[in-house]
Amino acid sequence: MSGNIAKKYFILSLILLLITAGLYSFGIYFIFSQNSKMGDLERGVLQEKTDAQAFIQAESTLKEISENKDKISGLFLSSSISDKADFINSLEQLATSTSTSLETTLGQETIPKEEKFQYFTLQGTARGSLSGVYKFMLLLEAYPKALEMTKIELEKIPTDPKQREQWRLSFALRVLEFK
């Protein structure tokens with residue numbers, strides 16, 4: 001009989017060992033699954049934080065752009081005739097302020113189809129003293145519009161030795177405009 005009791009204890013110990021091992025395995029599985037969920041949650045929180053920072057940056061950029069919208073749009077001419085006339089009048093005022101005379105003509109530039117922008121082209125001639133013509137050229141280069149000088153020539157005009165020295169500035173430019 002004592003052999004039967006030992007067998008019963010052995011079987012009972014084996015059953016308890018299997019139950020303990022099962023509970024231990026279940027506990028380890030539960031811990032690893034919770035760690036996996038925590039990792040997913042951490043990645044989600046980091047992604048949301050990154051997205052929030054990107055959104056704040058985008059909002060800041062949009063605010064900055066809207067604040068500078070007038071400055072940016074002021075760089076371009078509109079395609080209206082009055083805006084182009086105002087531009088030409090402002091060039092004539094620059095010439096007057098530098099004691100030079102100015103003659104302008106509208107340019108005839110063909111724009112290739114692959115060109116992304118539209119330009120208003122203008123050709124002109126300024127006449128006056130060397131310092132006046134040079135000042136006009138500097139003011140024209142610093143003009144607050146998106147313009148490109150495509151041609152510029154400075155030459156001395158032959159005059160009578162009794163007359164004051166005269167210079168001629170021939171230029172062609174194109175100004176970026178809205179389509």
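**View 1. Glu 155 sits at 33% relative accessible area, which makes this residue partly exposed.** Like every close-up here, this one comes from a predicted model. The side chain of Glu 155 meets that of Arg 168 in a salt bridge, with N and O 2.9 Å apart. Since Glu 155 belongs to strand 3 and Arg 168 to strand 4, the pair ties together parts that are 13 residues apart in sequence. Arg 168 is also partly exposed, at 22% relative accessibility. That is not far above the cut-off, because buried means under 20%.

**View 2. Arg 174 and Glu 148 form a salt bridge, with their closest N and O atoms 2.8 Å apart.** Here again a strand 4 residue, Arg 174, pairs with one from strand 3 (residues 147-157), Glu 148, so parts 26 residues apart in sequence get tied together. How covered are the two partners? Arg 174 counts as buried at 15% relative accessibility, whereas Glu 148 is partly exposed at 37%. In general, side chains of opposite charge can pair when their charged atoms come close.

**View 3. Lys 156 reaches Glu 165 in another salt bridge.** The closest N and O atoms of this pair are 3.1 Å apart. Both ends are partly exposed: Lys 156 has a relative accessible area of 47%, and Glu 165 has 37%. Counting through the whole model gives 4 salt bridges.

**View 4. Ser 170 is a buried residue of strand 4, at 9% relative accessibility.** What does Ser 170 touch, once residues up to four places away in sequence are set aside? The list is Gly 124, Thr 125, Lys 151, Ile 152 and Glu 153. Two stretches of the chain thus turn up around this one serine: Gly 124 and Thr 125, then Lys 151 through Glu 153.

**View 5. The largest nonpolar core takes in 20 residues.** Which of them have the most contacts inside the core? Those are Phe 87, Leu 91 and Phe 136. Helix 2 (81-97), strand 2 (118-128), helix 3 (130-141) and strand 4 (166-177) each put in at least two residues. Zooming in on Leu 91, and skipping anything up to four places away in sequence, the residues it touches are Leu 102, Leu 122, Phe 136, Leu 140 and Tyr 143. As a rule of thumb, in soluble globular proteins nonpolar side chains tend to be buried together.

**View 6. Leu 106, in strand 1 (residues 101-106), is exposed.** Its relative accessibility is 52%, and the label "exposed" applies because that value is over 50%. Even so, Leu 106 has company beyond four places in sequence: Ile 88, Phe 120, Thr 121 and Leu 122 are all in contact with it. Ala 172 is 66 residues away along the chain, yet its C-alpha lies 9.5 Å from that of Leu 106.

**View 7. Thr 105 also belongs to strand 1.** With a relative accessible area of 46%, Thr 105 is partly exposed. Setting aside neighbours within four places in sequence, it contacts Leu 122 and Gln 123. The C-alpha atoms of Thr 105 and Thr 121 are 8.9 Å apart, with their positions 16 residues apart along the chain.

**View 8. Ser 99 has a positive phi of about 60°, although it isn't a glycine.** Where is Ser 99 found? It's in the loop between helix 2 and strand 1. This serine is exposed, at 62% relative accessibility.

**View 9. A nonpolar patch of about 1,300 Å² lies on the surface.** It is made by Ile 5, Tyr 9, Phe 10, Ile 11, Leu 12, Leu 14, Ile 15, Leu 16, Leu 17, Leu 18, Ile 19 and Leu 23. One of these, Ile 15, lies in helix 1 (residues 2-73). Ile 15 is partly exposed, at 43% relative accessibility.

**View 10. Prediction confidence varies from element to element.** Helix 1 has the lowest mean pLDDT among the elements, at 85, and helix 3 has the highest, at 91. Over the chain the average is 84, and 93% of the residues score at least 70. Where pLDDT is low, the predicted coordinates should not be read in detail.

How values were computed: Residues numbered from 1 in each chain as written. Predicted model: local features only at pLDDT ≥ 70, side-chain atom pairs only at ≥ 80, totals over all residues. Heavy atoms only, no water. Core = buried A, V, L, I, M, F, W, Y, C linked by side-chain atoms within 4.5 Å. Buried < 20%, exposed > 50% of the residue type's maximum accessible area, 1.4 Å probe, protein only. Helix = DSSP H or I, 4+ residues; strand = E, 2+ residues; numbered from the N terminus. Contact = heavy atoms within 4.5 Å. Patch = residues over 30% accessible without salt bridge, like charges linked within 9 Å, V, L, I, M, F, W, Y side chains within 5 Å. Areas by Shrake-Rupley, 256 points an atom, 1.4 Å probe, with all protein chains shown as cover. pLDDT = per-residue confidence, 0-100.
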